[in-house]
Amino acid sequence: MDLFLEFLVTLQETVVDVLPILSIILGFQLLVIRKPIPHIKQVGFGFVYVLIGLALFLLGLEKALFPLGKMMAEQLTAPEFIQAGEQVLTNIHWSDYKWVYIFAAAIGFSTTIAEPSLIAVAIKAEEVSGGAINANSLRISVAIGVALGIALGSYRIVVGHPIHYYIIAGYVVVVIQTFYCPKLIVPLAYDSGGVTTSTVTVPLVAALGLGLASTIPGRSPLIDGFGLIAFASLFPIIAVMAYAQLTEAKAHSAEQKAEKRNRIKIDKRNLKQKQQGSLKESSKDKLNR
Amino acid sequence: MLCNLSYDIFMNHQFLVFLKALLGSCKDLLPIILVIAFFQFAVLQQPMPNIGDILIGLALVVLGLTFFIYGLEMGLFPIGESMAQAFAKKGSISWLLTFAFCLGFGTTVAEPSLIAVAEEAAIVAASGGIISDTIESQLSYADGLRFTVAFAVGLAIVIGVLRIIRGWPIQYLILGGYVLVVLMTIIAPSWIIGIAYDSGGVTTSTITVPLVTALGVGLASAIKGRNPMIDGFGLIAFASLTPMIFVMIYGMVIS
């Protein structure tokens, strides 16, 4: 019963969040387009499903994953865990935090796989590309990008480097890749940066950043706690373009191999024909004699 | 009798689809469960606290994700595409751009994660002595930040839609945006930079993304000579770039 009440509260919050979108859509549909919405019944049910789904999803996250994930982020960054038994950190070395980096990467990867907006974009990309882009491979490459990004972002908080060096270096990589990777993937890759960081990833990643920044001496949670999200939205762009480049390189080398094989086959066939030809000639010679 | 039978088959089919979707959601969630279990048992070496709550929560998450994806393909994608096609048929660019701005602004201004970030940013600014340490000035700062980001997202969708209509290549626009971000980073006050960079990521919510993606793809398929793959995607990329620039401008204006 309590659970049901909580669900109703979450559902109400979700509906309030969606209200502006809904009023814009309805307003433009009725006042500007002035045509009834096609398949209105189906679309209406779709909206209701989305709302119920989102409310259930958020409630479940609040109940199960967020408390546990946040607690873990706190425990892994706590001084007692980093330097067994010490209460206050002195003289830290970046490698003391190896479990934090591994956790950052693992949680970044796994939350991105479950991110609903990324699922939506991946479904659309597979549909539009006629299956040339596989939804799951796209999601996995984005997730690898987020994993690397958040691990590097945690390293940055530990060592205390200024954030913009990393972001600008990332931009340079993106620019270079843009010129070398297949044109078809570029817009999708740029998009994948923005969609990764929403419902599931942000709260857990923010907890990790705040935990790190508040336990390391010399870091301010309010200044260094920010910035992990920026990493998580830059690295997927690089990862998706790298995925496209790898696929292209693979296809290219497979093509070359096939060509080589064909050439060898043709060579062999030519050789055989020549041999047969010379055999025939020699037999002809014999006959002539 | 026949009608009854076909109804049964239909229901069975729907049920199978639902079951398949449910299984897919379980798979999507499996990595999180593995990661959390591994760190809890192997690294932190602690028992799982209140396991009952966690199991209920996980079941809710799986169910929620299934419903969401189901509704996505029934409601959000079709409405985004049908509106894009209706606007393309109508042929009025100004109405389309107005719609684009409203969609960007309206969905962002009420975004819960943006409200949270803006409030936190106000606390940073107050403790850093940028604004006076009163509740009113913090509130007005947070609201200012929120409206700045919402305006930036609205503008981003407008630029993105204009790009689809005209067929401009995306990379030059994005690269130009990067150059602006770098230039602004050099001149903007340093306390705003972390918040500005993060504001790019938090603006795009779970409902906005499918809607905006469907809008872009729908427009690109409705306009002759546009490729939905090359021209249809990219709206979200703009929406996560412009807020960075505008928040840094906001920081400069404030200080």
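Here are some numbered notes on a predicted model, going through its salt bridges, a few helix packings and two individual residues.

1. Let's start with the charged pairs. How many salt bridges are there over all chains? The count comes to five. Three of them are described in the points below, beginning with a pair inside chain A.

2. In chain A, look for A:Glu6 and A:Lys63, whose side chains form a salt bridge with an N to O distance of 3.4 Å. A:Glu6 belongs to helix α1 (residues 2-33) and A:Lys63 to helix α2 (residues 40-77), so this pair ties together parts of chain A that are 57 residues apart in sequence. The two partners sit in different accessibility classes if you check the numbers: A:Glu6 is partly exposed, at 33% relative accessible area, while A:Lys63 is buried, at 18%. The cut-off for buried is under 20%, so A:Lys63 falls within that class.

3. Next, go to helix α5 of chain A, which covers residues 116-128. Here the side chains of A:Lys124 and A:Glu127 meet in a salt bridge, 3.5 Å from N to O. These two are three residues apart in the helix, so about one helical turn separates them. Is A:Lys124 buried or exposed? It counts as buried, with a relative accessibility of 2%. A:Glu127, on the other hand, is partly exposed at 47%.

4. A:Lys124 has another partner, this time in chain B: its side chain forms a salt bridge with that of B:Glu81, at 2.4 Å from N to O. This pair crosses between chains, running from helix α2 of chain B (residues 51-90) to helix α5 of chain A. Put the shared partners together and you get one network made of A:Lys124, A:Glu127 and B:Glu81.

5. While you're on helix α2 of chain B, have a look at B:Pro78, which is found in that helix too. B:Pro78 is partly exposed, with a relative accessible area of 28%. Which residues does B:Pro78 touch, leaving aside its neighbours within four places in sequence? They are A:Gln42 and A:Val43 from chain A, plus B:Leu72 and B:Glu73 from chain B. For a sense of distance, the C-alpha atoms of B:Pro78 and B:Val149 are separated by 28 Å, with their positions 71 residues apart along the chain.

6. Back in chain A, α2(A) packs with helix α4 (residues 98-113): their axes come within 9 Å and cross at roughly 155°. An angle over 145 degrees counts as roughly antiparallel, so that is how α2(A) and α4(A) are described. The crossing itself is left-handed. On the α2(A) side, the residues making contact are A:Gly69, A:Met72, A:Ala73, A:Leu76 and A:Thr77, and they meet A:Trp99, A:Val100 and A:Phe103 in α4(A). By type, the residues of this contact divide into six nonpolar, two polar and no charged.

7. Helix α8 of chain A (residues 186-195) is one to rotate into view. How many of the ten residues of α8(A) are buried? Ten of the ten are, so the helix is largely enclosed by the rest of the structure. Among them are A:Val186, A:Pro187, A:Tyr190, A:Asp191 and A:Val195.

8. That same α8(A) packs against a helix of the other chain, α10 of chain B (residues 235-254), with axes 7 Å apart and an angle of about 55°. At that angle, α8(A) and α10(B) are therefore oblique to each other. Here, too, the crossing is left-handed. A:Tyr190, A:Asp191, A:Gly194 and A:Val195 are the α8(A) residues in the contact, and B:Leu235, B:Ile236, B:Ala237 and B:Ser240 are the ones they meet in α10(B). This contact divides into five nonpolar, two polar and one charged.

9. Last stop: B:Gln171, in helix α6 of chain B (residues 170-187). B:Gln171 is buried, at 12% relative accessible area. Leaving aside its neighbours within four places in sequence, B:Gln171 is in contact with A:Thr178, A:Lys183, A:Val186 and A:Tyr190. You've already come across A:Val186 and A:Tyr190, as both are listed with the buried residues of α8(A).

Methods:
Residues numbered from 1 in each chain as written. Chains lettered and ligands numbered in written order. Predicted model: local features only at pLDDT ≥ 70, side-chain atom pairs only at ≥ 80, totals over all residues. Heavy atoms only, no water. Salt bridge = Lys/Arg side-chain N within 4 Å of Asp/Glu carboxyl O. Helix = DSSP H or I, 4+ residues; strand = E, 2+ residues; numbered from the N terminus. Buried < 20%, exposed > 50% of the residue type's maximum accessible area, 1.4 Å probe, protein only. Axes fitted to C-alpha atoms, helices over the stretch in contact; angles between N-to-C directions. Parallel < 35°, antiparallel > 145°, perpendicular 65-115°, else oblique. Left-handed = near helix turned anticlockwise from the far one by under 90°. Contact = heavy atoms within 4.5 Å. Nonpolar A, V, L, I, M, F, W, Y, C, P; charged D, E, K, R; others polar.
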